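Trainee: Could you walk me through this one before I set anything up? I'd like to go piece by piece.

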Number of protein chains: 2
Amino acid sequence: MLKTSLEIEEAAVILKLLGDKTRLTMIKILDTGECCVCEFVEIFQMSQPGISQHLKKLKDMGLVREKKKGQWIFYSINKNNVYYPFVSEILHQLPSQENKLINLEKQGKRIICC
Amino acid sequence: MLKTSLEIEEAAVILKLLGDKTRLTMIKILDTGECCVCEFVEIFQMSQPGISQHLKKLKDMGLVREKKKGQWIFYSINKNNVYYPFVSEILHQLPSQENKLINLEKQGKRIICC
DNA sequence: TTAATATATAAGTTGTTACTTATATATTAG
DNA sequence: CTAATATATAAGTAACAACTTATATATTAA
């Protein structure tokens, strides 16, 4: 399942996917725990379809998974993905984005479920 | 000079820059030694202006430097750049591209100078 | 059952990117 | 000096990316 060496073309595709501040922040947040679509809408102050489209790109590459919980769909990181070790090395070099979740919580907009 | 932590927006810009197979391969090659424009033209079978434009993007971000040697301009990696540690971690996870230089040499198209 | 909420998808728009060809400049070779 | 070589920049183009609004579906609340 894990990949010891990545072809350079594959790496470029992953880097391009991560080369967007919204998706990069999303996946950094997801690396610490799950999050649902409406929470991202609040965090990024972006339209709901915009958020869904970014998540679709991450999902299509297999970097994230979705799990339905009632009316919400929670996304989480897929640590079994072949590209995860590569992505993980990158994420480790980025500052924590937990403040964004803390702010959500302060506003009472964090979704706690099941 | 070195950066211990990168803002996420800056990281996204770097990842986008690296998220192109031509530039990613270029910088992986440059991480092992210098190379001139016409060598890249051979390696990538791309127009000379196309190569120059990719190199300009890398140079504008400070990731590479240029040095004129006679009629050639040699590019090399700039290890003093603030983003180098970040980039380096990524490059270490990619397969060597030295075969491309070896092939050039076999064709007698490697530029050895000064 | 109806209204509200959460999400995905479709369609349209605007800006960006990766290339190309054309051209100008500098250096070297004959 | 002239021709050839190496490079950069300008201009044009086609494909793509990131958003928006509109709309359809599913779930929950009243």
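Trainee: How do the residues of the surface near DNA strand C divide into nonpolar, polar and charged?

Mentor: Bearing in mind that this is a predicted model, the surface near DNA strand C divides into eleven polar, nine nonpolar and three charged residues. In total, 23 residues surround that strand, and the closest are Cys38(A) and Pro49(A) from one chain together with Ser47(B), Pro49(B) and Gly70(B) from the other.

Trainee: And which elements each supply at least two residues of that surface?

Mentor: From chain A they are helix 3 (37-44), helix 4 (48-60) and strand 3 (72-77), and from chain B helix 4 (48-60) joins them. Helix 4 of chain A provides the largest share, with six residues.

Trainee: OK, switching to the protein chains: how many residues does the contact take from chain B and from chain A?

Mentor: The contact draws on 22 residues of chain B and 22 residues of chain A. On the chain B side, helix 1 (8-18), helix 2 (21-30) and helix 5 (84-91) are the elements that give two or more residues, and helix 1 of chain B has the largest share there, namely seven residues. By type, the side of chain B that touches chain A holds eleven nonpolar, five polar and six charged residues.

Trainee: What rotation superposes chain B on chain A?

Mentor: A rotation of 180° does so, with 0.0 Å of shift along its axis and an RMSD of 0.0 Å, and that is the relation of a two-fold axis. The same surface serves both copies, since 100% of the contact residues of chain B recur in chain A.

Trainee: New topic, the core. Which residues have the most contacts inside the largest one?

Mentor: The largest nonpolar core has 54 residues, and those with the most contacts inside it are Leu18 and Ile27, in each case in both chain A and chain B. As a general matter, nonpolar side chains in soluble globular proteins tend to be buried together.

Trainee: What is Ile27(B) in contact with, leaving aside its neighbours within four places in sequence?

Mentor: With those neighbours set aside, Ile27(B) is in contact with Leu18(B), Leu58(B), Leu63(B), Ile77(B), Val87(B) and Leu91(B).

Trainee: And the sheet in chain A, in what order do its strands run?

Mentor: The three strands of chain A make an open sheet in the order 1-3-2, with antiparallel pairing. Strand 1 (35-36) and strand 2 (64-69) of chain A stand at the edges with a single partner strand each, so one side of each is left without a neighbour in the sheet. Strands 2 and 3 of chain A pair over six bridges, and one of the residue pairs is Val64(A) with Ile77(A).

Trainee: What about chain B, which are the edge strands there?

Mentor: Chain B also has an open antiparallel sheet of three strands in the order 1-3-2, in which strand 1 (35-36) and strand 2 (64-69) of chain B are the edge strands, each pairing on one side only. Six bridges join strand 2 of chain B to strand 3 (residues 72-77) of chain B in the antiparallel sense, with Lys69(B) standing opposite Trp72(B).

Trainee: Last one: where does Gln45(A) lie, and is it buried or exposed?

Mentor: Gln45(A) lies in the loop between helix 3 and helix 4 of chain A, and it is exposed, with 6 other C-beta atoms within 10 Å. Although Gln45(A) is not a glycine, it has a positive phi of about 50°. In chain B, Gln45(B) has a positive phi of about 50° as well, and it lies in the loop between helix 3 (37-44) and helix 4 of chain B.

Technical notes: Residues numbered from 1 in each chain as written. Chains lettered and ligands numbered in written order. Predicted model: local features only at pLDDT ≥ 70, side-chain atom pairs only at ≥ 80, totals over all residues. Near = placed C-beta within 6 Å. Helix = DSSP H or I, 4+ residues; strand = E, 2+ residues; numbered from the N terminus. Nonpolar A, V, L, I, M, F, W, Y, C, P; charged D, E, K, R; others polar. Core = buried A, V, L, I, M, F, W, Y, C linked by C-beta atoms within 7 Å. Buried ≥ 20, exposed ≤ 12 C-beta atoms within 10 Å, placed from the backbone. Contact = placed C-beta atoms within 7 Å. Least-squares fit on C-alpha atoms with pLDDT ≥ 70 in both. Pairing = 2+ DSSP bridges.
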